[in-house]
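Welcome to this short tour. Please open your viewer, switch on the cartoon view and keep the sequence panel at hand.

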Amino acid sequence: ASKIDLNGISIQPFAVSHLIKAIGILNDGQIFASIDIAENQTNICFLKGSVIQFHRELSLGGEQITRAISQENTKPVLRRLANEINRSFDYYKEQFNQAKIDRIFVSGSESSILNLAQYLSSALSSPVEILNVLSGIELGPALINSDKIKDDLPQITTSIGLALSGSREINFLIKHKQKHSVQLPFNLDKLLSKSLGNTVQISIA
């Protein structure tokens with residue numbers, strides 16, 4: 001078991017917002033769409049600058065895509081994913097009176113599935129980039145030459161965003177329970193090597 005101090009509880013869209021602020025990939029007023037594909041869900045988040053405007057969660061993720069690949073029947077699953085993403089884009093544009101999305105990024109533990117970004121680019125008729133977390137974050141000496149951390153980055157983008165937030169702005173943990181030490185029934189190293197794609201996340205300090 002690992003012992004940590006529970007500093008706060010936040011949610012995935014706020015983690016994305018803090019990550020964008022840290023790596024500085026957008027200018028104020030630009031519209032950013034984040035497609036975070038985890039094992040069993042996909043989070044779609046629209047931001048103007050670093051301000052969250054709309055978020056939607058889909059109950060479809062990499063596990064279903066990987067299973068379809070193993071069965072050589074990927075088209076129905078990918079078509080469903082693309083259709084739901086397109087519906088979210090259309091809804092956002094209509095509700096927020098936005099004609100276009102300036103940049104679209106894909107991240108998450110399953111975002112590295114072969115050619116997925118290219119498929120989404122075609123389905124959305126817009127360029128889709130894989131989020132490069134290292135573009136604005138300085139690594140310590142123990143990690144700077146580590147190929148493993150680079151390989152694991154898509155899996156821990158949400159975790160990095162939560163760490164950057166420090167639960168300073170919005171914290172769903174009741175105030176008198178903050179800073180309490182808790183025992184977790186898992187290994188912390190394993191936690192950090194896996195995607196934290198759940199809607200509710202634990203911020204650790």
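Which residue is the bridge partner of Ile35 in β5? Select Val106 to see the answer: Val106 pairs with Ile35. Keep in mind as you look around that this is a predicted model.

Now widen the selection to the two strands around that pair. Choose residues 31-37 for β2 and residues 103-107 for β5; the two strands run parallel and are joined by 5 bridges.

Next, bring up the whole sheet. It is open, has 5 strands in the order β4-β3-β2-β5-β6, and its pairing is mixed. Colour β4 (51-58) and β6 (128-130) to mark the edges: each has a single partner strand, so one side of each is left without a neighbour in the sheet. If you turn the view, note that neighbouring strands here are rotated by 20 degrees against each other on average, ignoring direction.

Then select residues 74-95, which form helix α3. This helix lies across β2, β3, β4 and β5, and it runs at about 150 degrees to β4.

For the last stop, go to strand β3 (42-48) and pick Lys48, which belongs to it. Is Lys48 buried or exposed? Its relative accessibility is 37%, so Lys48 counts as partly exposed, in between the two.

Show the surroundings of Lys48 too: leaving aside residues up to four places away in sequence, Lys48 touches Gly29, Gln30, Ile31, Gln53 and Gln98. Finally, draw a C-alpha to C-alpha distance from Lys48 to Ala33: the two are 15 residues apart in sequence and 9.0 Å apart in space.

Definitions and conventions:
Residues are numbered from 1 along each chain as its sequence is written. This is a predicted model: local features need pLDDT of at least 70, side-chain atom pairs count only at pLDDT 80 or more; totals for chains, interfaces and linings use all residues. Side-chain values use heavy atoms; hydrogens and water are left out. Two strands pair if DSSP finds at least two bridges between them. Helices (H or I, at least four residues) and strands (E, at least two) are DSSP runs, numbered from the N terminus. Axes are lines fitted to C-alpha atoms, for helices over the stretch in contact, and angles run from 0 to 180 degrees between N-to-C directions. Contact means heavy atoms within 4.5 Å. Buried means under 20% relative accessible area, exposed over 50%, partly exposed in between (1.4 Å probe, protein chains only).
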